[in-house]
Amino acid sequence: MNRKRTVPAVTSLPQSPAAESDHRVRRYAITMTIRIVCFGLMVFVQPYGWYTWVFAAAAAVLPYIAVVFANAGSDSTESGAESPRQEIEAAPAVVPEPIEEAPGVITIHEKPQDRT
């Protein structure tokens with residue numbers, strides 16, 4: 001049975017939990033900052049008129065929207081990992097046959113007449 005390895009591509013991996021959490025906290029903080037601005041405009045802008053009710057409605061509704069967006073994951077669809085390159089099966093490795101050499105023979109002569 002021939003099995004192919006699948007290598008996940010970095011671009012198809014989901015966002016890391018720390019990065020996703022940071023993104024959700026940032027989105028919540030931005031929404032709540034907009035709510036505080038709406039509340040301030042509702043109180044401090046004079047004379048009161050129809051826009052006061054718009055700011056009041058936004059200040060009342062934005063906490064719910066902020067919590068819903070913060071609890072919703074940024075990537076709700078699971079994407080399968082896709083390999084960025086296609087793996088090509090390698091040809092079988094050719095092992096060269098060892099060359100048989102005659103073992104080297106070293107002869108040592110220890111007679112006095114061989115020391116010249």
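Phe39, Val43 and Phe44 together make up a nonpolar surface patch whose combined accessible area is about 330 Å². The model in which this patch appears is a predicted one. Phe44, a member of the patch, belongs to helix α1. With a relative accessible area of 67%, Phe44 counts as exposed, because the exposed class begins over 50%.

The chain can next be followed beyond this helix. Helix α1 covers residues 17–44 and helix α2 covers residues 50–71, and Pro47 lies in the loop between them. The peptide bond that joins Gln46 to Pro47 is cis, with omega at about -15°. In total, the protein chain contains 2 helices and 0 strands.

Within helix α2, Phe69 deserves separate attention. Its relative accessible area is 45%, so Phe69 is classed as partly exposed, a class that lies between the buried limit of under 20% and the exposed limit of over 50%. Phe69 and Tyr28 are 41 residues apart along the chain, and a distance of 7.3 Å separates their C-alpha atoms.

The picture may now be widened to the chain as a whole. Among contacts between residues at least 6 apart in sequence, 79% join residues that are at least 24 apart. Of the 116 residues in the protein chain, 10% are buried. The accessible surface of the chain amounts to about 10,700 Å², and carbon and sulfur atoms account for 62% of that surface.

Terms used
Residues are numbered from 1 along each chain as its sequence is written. This is a predicted model: local features need pLDDT of at least 70, side-chain atom pairs count only at pLDDT 80 or more; totals for chains, interfaces and linings use all residues. Side-chain values use heavy atoms; hydrogens and water are left out. Helices (H or I, at least four residues) and strands (E, at least two) are DSSP runs, numbered from the N terminus. Patches are made of residues with over 30% relative accessible area and no salt bridge: like charges are joined within 9 Å, nonpolar side chains (Val, Leu, Ile, Met, Phe, Trp, Tyr) within 5 Å. Accessible areas come from the Shrake-Rupley method with a 1.4 Å probe; for residues, only the protein chains shown count as cover. A salt bridge is a side-chain nitrogen of Lys or Arg within 4 Å of a carboxyl oxygen of Asp or Glu. Buried means under 20% relative accessible area, exposed over 50%, partly exposed in between (1.4 Å probe, protein chains only). Contact means heavy atoms within 4.5 Å.
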